[in-house]
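Visitor: I'd like a close look at one part of this protein, the nonpolar patch on its surface. Could you walk me through that, and then through what else is worth a look around it?

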Amino acid sequence: MTIKPKHVFADLLSVGLSAALVFGSGALHDFAYYVLLVFVSLGWLDLLCVGVKGEAAETIRDRVWWSGFLSVVQISALIFSGHSVLAAFSLVLSMLIVASAFKEQQA
C-alpha cells in the first residue's frame, strides 16, 4: 500500500468531520453533519447506479482495514453526536461498498 496525496486528504477530511461532529458546537457541528449527509447520499446514489468497479474496487480492497477503521471512527462520532439514523445508513453503505469491491474481484 502506497500513500497517495488523495488518500491522505480523504483520511484527514474523514477524521476532521468526525472531530467536528463530536467536539464542534453550533455551526461547525451542523456543517459536519450536512457534509456527511451529502457524502452518504452520494455514496448510495453511486452504489445503486454505477456500483464499484475497476480501479476504485482495487483501491478499496487494498485499503480495506484502514478505511474500515476510519468508518468505525466516523460511525461512532455520528452515534455519539445523536445522529444514529445517518450512522446506520453509513454503516450499511460501507458494508455494501466493501462487499461489492470484493465481489468484483471474484468475478
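Guide: Sure. Before we zoom in, keep in mind that this is a predicted model. The protein chain has an average pLDDT of 91, and 96% of the residues score at least 70. Confidence peaks in helix α2 (residues 27-49), with a mean of 95, and is lowest in α3, at 88.

Now to the patch. Phe9, Leu13, Val38, Phe39, Leu42 and Leu45 together make a nonpolar surface patch of about 580 Å². Both α1 and α2 chip in, each with at least two residues, but α2 gives the largest share, four residues. From the other helix, take Phe9, which sits in α1. Phe9 has a relative accessibility of 57%, so it counts as exposed, the cut-off being over 50%.

Stay with helix α1 (residues 5-23) for a moment, since Asp11 lies there too. The side chain of Asp11 meets that of Arg63 in a salt bridge, 2.9 Å from N to O, and the structure holds just this one salt bridge. Arg63 is in the loop between α3 (54-62) and α4 (64-80), so the pair ties together parts 52 residues apart in sequence. Unlike the exposed Phe9, Asp11 and Arg63 are both buried.

Last, the aromatics: a search of the whole structure turns up two aromatic pairs. In one of them, Tyr33 and Tyr34 have ring centres 5.1 Å apart and planes at 65°, so that pair is edge-to-face. Tyr34 is exposed as well, at a relative accessible area of 51%.

Note on methods
Residues are numbered from 1 along each chain as its sequence is written. This is a predicted model: local features need pLDDT of at least 70, side-chain atom pairs count only at pLDDT 80 or more; totals for chains, interfaces and linings use all residues. Side-chain values use heavy atoms; hydrogens and water are left out. A salt bridge is a side-chain nitrogen of Lys or Arg within 4 Å of a carboxyl oxygen of Asp or Glu. Buried means under 20% relative accessible area, exposed over 50%, partly exposed in between (1.4 Å probe, protein chains only). Rings of Phe, Tyr and Trp (its six-membered ring) pair if their centres lie within 6.5 Å; planes under 30 degrees apart count as stacked, over 60 as edge-to-face and the rest as tilted. pLDDT is the predictor's confidence in each residue, from 0 to 100. Patches are made of residues with over 30% relative accessible area and no salt bridge: like charges are joined within 9 Å, nonpolar side chains (Val, Leu, Ile, Met, Phe, Trp, Tyr) within 5 Å. Accessible areas come from the Shrake-Rupley method with a 1.4 Å probe; for residues, only the protein chains shown count as cover.
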